[in-house]
Amino acid sequence: MEPLQKTLIDPLQPYLRPVVSSLPEPVHDAIKTLIGNTCYNTLVVDLDVTQDPACTSLAISKVLGIAIVGASAIVKVPQILKLIGSRSSAGVSFVSYALETASLLITLSYSVRNQFPFSTYGESALIAVQDVVVGVLVLTFAGRSAGAVAFIAVVAASVYALLVDNTLVDAQTMSYLQAGAGALSVASKAPQIYTIWREGGTGQLSAFAVFNYLAGSLSRIFTTLQEVDDQLILYGFCAGFSLNLILAFQMLWYWKTPTKPKKQATKPKAQSKPVEKATPVTPAARSSGASPSPKPSGKTPTTRRRG
């Protein structure tokens, strides 16, 4: 940080100090709430990023966390719009989104109960809502409207059990669920990876969502190391980052490659009826306009009078 302090911050201090002092009081209070009074005096008042490295790391973590939460509000919007525009769920795995929704709900509930800073888990709530929308659209466009209704009902029951009524799931069970949430996070990416490989293309999968997930999971590893002393949370983000990296590689590999058309079942050809042989008909005598007179048999009568 010393090169940054000497080459950038120190020369700009005459210009930065008036800007900092002119900030509204609520902004100063918000910064104090995020990083504490000590780090506020070091970083904001003194404009020194080398005096306390821990404060600098904490400030970077807070900025990243807030950026992740802000970006998560729209991270799945391109995917939703892409599904609605095409009215097709090709290349998008419902199982992947269902598993991810379960993992996010567990992580959200675990973080709320342990009173972790909101900047370390806030995106879980926003992404979970968008995942539910994507899941419903995938089922609807696949002709499974009843499954979409059932999916919404299961999600609503899970939210009530994990967040609303804490007596249904105790703290010990919540810890076990969080340990499984890491596995769910990994499992949620596997169906999507397999779907892309099987169909030979990314279909309606949004590149914006994939690459934002990759950047977000990498940033979450840093923020967790800085602000949350919980190995369960850290291992989940590390596993998620590794599979997000595979998805990003697939997105680049199959870029603008159309998905393989689904094979349609060939209908059996109708058997042709055997042609009946026509019975030979004796050709009739050609008519010349008048029917031929019958051949006289014996002598014909005469008009001569006998003497």
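# Close-up views of a predicted model

**View A. Ser 86 and a partner from far along the chain.** Ser 86 comes out as partly exposed, with a relative accessible area of 30%. That value sits between the 20% and 50% cut-offs, so the residue counts as neither buried nor exposed. Keep in mind that this is a predicted model, here and in the views that follow. Ser 86 belongs to helix H4, which covers residues 77-86. Which residue is the partner here, 118 residues apart from Ser 86 along the chain? It's Gln 204, and the two C-alpha atoms are separated by 8.0 Å.

**View B. The whole protein, as a backdrop for the close-ups.** There are 10 helices and zero strands. Read from the N terminus, the order of elements is simply α-α-α-α-α-α-α-α-α-α. The protein has 307 residues, and 38% of them count as buried. If you take the contacts between residues at least 6 apart in sequence, 79% join residues at least 24 apart.

**View C. The largest nonpolar core, with Leu 162 picked out.** This core holds 26 residues, and Phe 116, Phe 151, Leu 162 and Met 174 are those with the most contacts inside it. Which elements give two or more residues to it? The list is helix H5 (94-113), helix H6 (122-141), helix H7 (145-164), helix H8 (171-199), helix H9 (207-227) and helix H10 (231-253). Now zoom in on Leu 162: leaving out residues up to four places away in sequence, it touches Leu 105, Ile 106, Ser 109, Arg 113, Val 169, Met 174 and Leu 177. Met 174 therefore turns up twice, once in that contact list and once among the core residues with the most contacts. There's also a second, separate core of 18 residues, whose members include Val 138, Ile 193, Val 210 and Ala 248.

**View D. Gln 250 and its surroundings.** Gln 250 lies in helix H10. Is this glutamine buried or exposed? With a relative accessibility of 8%, Gln 250 counts as buried, because the cut-off is 20%. A polar atom of the Gln 250 side chain lies 3.1 Å from the backbone oxygen of Ile 193. Setting aside neighbours within four places in sequence, the contacts of Gln 250 are Ile 193, Ile 196, Trp 197 and Thr 202. Ile 193 is also a member of the second core.

**View E. The largest cavity, with its lining.** By the counting rule used, there are two cavities of 30 Å³ or more. The largest cavity has a volume of about 160 Å³. Its lining comprises 14 residues, of which Lys 76, Tyr 97, Leu 205, Tyr 213 and Leu 247 are the closest to the centre. H5, H8, H9 and H10 each give two or more residues to this lining.

**View F. The largest pocket, with its lining.** How much space lies in this pocket? About 550 Å³. It is lined by 33 residues, and the closest to its centre are Glu 123, Ile 127, Tyr 213, Ser 217 and Phe 237. Tyr 213 may ring a bell, as it is also listed for the centre of the largest cavity. The elements that give two or more residues to the pocket lining are helix H3 (53-72), H5, H6, H8, H9 and H10.

**View G. Leu 47 and Gln 115, each with a positive phi.** Leu 47 isn't a glycine, yet its phi is positive, at about 55°. You'll find Leu 47 in the loop between helix H2 (25-45) and H3. At 9% relative accessibility, Leu 47 counts as buried. Gln 115, another residue that isn't a glycine, has a positive phi of about 55°. Its place is the loop between H5 and H6. Gln 115 is exposed, at a relative accessible area of 72%.

**View H. Where the predictor is confident, and where it isn't.** The mean pLDDT of the protein is 80, with 83% of the residues at 70 or more. Among the elements, H7 has the highest mean pLDDT, 92, and H8 the lowest, 83. Over residues 265-270 the pLDDT stays under 50, and the model gives this stretch zero contacts beyond four places in sequence. Residues 282-291 are also below 50, with zero contacts beyond near neighbours in sequence.

Definitions and conventions:
Residues numbered from 1 in each chain as written. Heavy atoms only, no water. Core = buried A, V, L, I, M, F, W, Y, C linked by side-chain atoms within 4.5 Å. Buried < 20%, exposed > 50% of the residue type's maximum accessible area, 1.4 Å probe, protein only. Helix = DSSP H or I, 4+ residues; strand = E, 2+ residues; numbered from the N terminus. Contact = heavy atoms within 4.5 Å. pLDDT = per-residue confidence, 0-100. Polar contact = N/O pair within 3.5 Å; in protein donor to acceptor, adjacent residues only side chain to side chain. 1 Å grid on protein atoms, 1.4 Å probe; cavity = no way out; pocket = protein on both sides within 12 Å on 5 of 7 lines; lining within 4 Å. Points joined across faces, edges and corners; volume = space filled by probe spheres on them.
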